Structure formats: structure tokens, C-alpha cells
Amino acid sequence: MGKATALLHREHDVAEEDVLRANLYRLLAHVLRQAPKQSDLDMFAAMDGDATPIGEAVGALARIAGKIRPETIDREYHDLFIGLGRGELVPYGSYYLTGFLNEKPLARLRTDMARLGIERRVEVREPEDHIAAECEMMAGLILGDFGEAFDLDDQRDFFKAHVAPWARHFFTDLEAARSSVFYAGVGRLGAAFMDVEEEAFSML
Amino acid sequence: MSAKRDGANDARRDFLKLAGLAAVTGGALTASGKSAAASEIPVEGATGYRETDHVKTYYKLARF
């Protein structure tokens, strides 16, 4: 894409539905990167659900967020993702798809990131196929954080190649994990959102 | 975008409008009192990776 086109894209408003998608990706990334703080919980507790699968998951998450203490979630996060040696879940695409870290799915993701101009911050050593990183990348593609807002074809290709093959499976595991309480709500919301993304992209 | 493509995207947008996505921001917006923007959800940076505990776990696992 030429520079002029890219600038044009940035000046265009992103459609409201797409801003909402980015917002949900950001929420998921935020709570999967680290346990939420009390201020986050207050914000989540104020959310209102509706009768859709996403809305029901939001309502459930809001109820949990209104009751649970940050210290409890810290422990839950630790048991789920850190553990002794490893947590209950290993939230990396490569691990989900191959049973090993640092395998071909990560290499393919890095290739696409380079092509799309997404760079890891220098101080970051975390691998790119962490679920939170992939959610942030989706939000960035939607909103143009990487210099240009990417069109729906690019978003769909990235989603199909890197997110869809494992993210729903991960969110379902998160919902069902032994240690999950708050994160059961996150898993349910993530799974419902992945279904919506899948169906919405299939309409193009 | 072609007219056909515009139509497909209209259908997609209609589908998304009914998907309950607004439930997520609704609360976030009420809490922050701001207009819809992705920055409602605090992030550490655009691709804000940090060395957190799960990164340390990753390195432990990666040595297997």
C-alpha cells in the first residue's frame, strides 16, 4: 500500500463495529497479559450484558468482577499461566498447535508480522504468539496502530492464519480450567467473540 | 471496494451490530465517561510486551 493511501486510511474513521471489536480484543489482551487491578474490575463490573452469547458472557464476567478480589485473581492467574514450572495452560499458539513452543506457527507469525510492518518493542522478550499479543495485534490491525488501518482482507487473513487455528480452543480450555473463576468468564467471552469473528469474516 | 463487496461488508456490519459487542464498551464507557475508543482498555503499549511472570515461565518451558 502506498504512503498516500495509508494516510488516507488513517484519516478515515474506523467503523463503530470495528472499534468495538478492537475494544474487545484489547480487553482480552489486557486481562491475559496480567491479572487485572481493582480499577479494571470496577470497570468490568459496570458492564451490562444482553441476550447474545457475547452479551451473556459479558454479564457473567461483570458479575464475577463485582465480587472477586484482585488478590484472588492474582493467585488464579498464577495457577493458570505461571505455576511451578508451568501453569495449567500454556497460552502460546505454537504450543497449542504443535505441542511445542517456538515451532513453525511462531515462525509463520513472525513472517506475517514483518510483512505487515508489526514490530516487537526492543525491550520485549516475550514470544509473539502469546494469546495477549495476538489479541493486541488484531486490535492494532483494526485501528491502525501499526501505521495504517488494515483492510478487512488483511484482518481476515491474519485472523485465519494465526488466531482462528487455536484461540477458540484456548478460550474454551480457559473457561473449563480447574483454576478458573474470573478467567472462566474471560474464556467464555473470548470463545463467544471468536465465534462472532469467524462468522463475520466468512461473510466477506 | 466493489459494490458487491460493499454489500458483503454491510451484511457483516449488520451482523456485528447484533452480536452484543456494545455490551463490552457500554460498561467501559460508563466507567470512564469517554467516547468510544480502543484506549478505554488500558494497555501497556501498542504491542506492549513486558517481561512478566508468564514470560519467565515461557523461558522455563522453552528449555525443555
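Me: Among contacts in chain A between residues at least 6 apart in sequence, what percentage join residues at least 24 apart?

Reply: Happy to help: 63% of those contacts in chain A do, where contact means that two C-beta atoms, placed from the backbone, lie within 7 Å. This is a predicted model, where local features need pLDDT of at least 70, side-chain atom pairs count only at pLDDT 80 or more, and totals for chains, interfaces and linings use all residues. Residues are numbered from 1 along each chain as its sequence is written, and chains are lettered from A and ligands numbered from 1 in the order in which they are written.

Me: What makes chain A as compact as a globular protein of that length?

Reply: Chain A has 11 helices and zero strands, counted as DSSP runs (helices H or I, at least four residues; strands E, at least two) numbered from the N terminus. Its radius of gyration is 17 Å, close to the 17 Å from the globule rule for 204 residues, so chain A is as compact as a globular protein of that length. The radius is taken over C-alpha atoms, and the rule is 2.2 Å times the number of residues to the power 0.38.

Me: Why is Asn102(A) called partly exposed?

Reply: Asn102(A) has 16 C-beta neighbours inside 10 Å, so it counts as partly exposed; buried needs 20 or more other C-beta atoms within 10 Å, exposed 12 or fewer, and partly exposed is in between, with C-beta atoms placed from the backbone. Asn102(A) sits in the loop between α6 (93–98) and α7 (104–116) of chain A.
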